[in-house]
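Take a moment to turn the model around on your screen. Then we'll walk through its pocket, its overall build and a few residues worth picking out.

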Amino acid sequence: MPKVKNNSGASKRFKPTGSGGFKRNQSHRRHILTKKSPKRKRQLRDTTLVAACDVAAVRKMLPNL
């Protein structure tokens, strides 16, 4: 039998939480930052949880976590 592997792109982007969800970083923080307000850039630093409707798809990509 072959090994069950994680999706390597997903394993770099998502970390599991204790309650069964997944943490993720927010987008829109890479470039073209001059037009974004300091408040918006500051709020994009924080990690957020993956939406409840997407947790099943992430869990399918990361079977070993």
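## A look around the model

Fifteen is the count to start with: 15 residues line the largest pocket, and Arg13, Arg24, Asn25, Gln26 and Arg30 lie nearest its centre. Two elements give two or more residues to that lining, helix H1 (8-13) and strand E2 (22-24). Here a pocket is an open set of points on a 1 Å grid over the protein atoms alone, where a 1.4 Å probe fits, with protein on both sides within 12 Å along at least five of seven lines; a lining residue has an atom within 4 Å of a point. The space in the largest pocket is about 390 Å³, a volume filled by probe spheres set on the points. By class, its lining has 8 charged, 5 polar and 2 nonpolar residues. Asp, Glu, Lys and Arg count as charged, Ala, Val, Leu, Ile, Met, Phe, Trp, Tyr, Cys and Pro as nonpolar, and the others, Gly among them, as polar.

Keep in mind that this is a predicted model, where local features need pLDDT of at least 70, side-chain atom pairs count only at pLDDT 80 or more, and totals for chains, interfaces and linings use all residues. Residues are numbered from 1 along each chain as its sequence is written, and side-chain values use heavy atoms, with hydrogens and water left out.

Now zoom out. The protein has 3 helices and 3 strands, in the order α-β-β-α-β-α along the sequence. These are DSSP runs numbered from the N terminus: H or I over at least four residues for helices, E over at least two for strands. Its C-alpha trace spans about 50 × 25 × 20 Å along the principal axes. Of its 65 residues, 15% count as buried.

Three residues show how burial can vary. Buried means under 20% relative accessible area, exposed over 50%, and partly exposed in between (1.4 Å probe, protein chains only).

| Residue | Relative accessible area | Label |
|---|---|---|
| Leu62 | 1% | buried |
| His28 | 54% | exposed |
| Ile32 | 47% | partly exposed |

What does Leu62 touch, leaving aside its neighbours within four places in sequence? Leu62 is in contact (heavy atoms within 4.5 Å) with Asn6, Asn7, Ala10, Ser11, Phe14 and Phe22. Leu62 sits in the segment after helix H3 (55-61).

His28 lies in the loop between E2 and helix H2 (38-43), and Ile32 lies in the loop between E2 and H2. His28 has a positive phi near 70 degrees without being a glycine; for Ile32, also not a glycine, phi is about 55 degrees.
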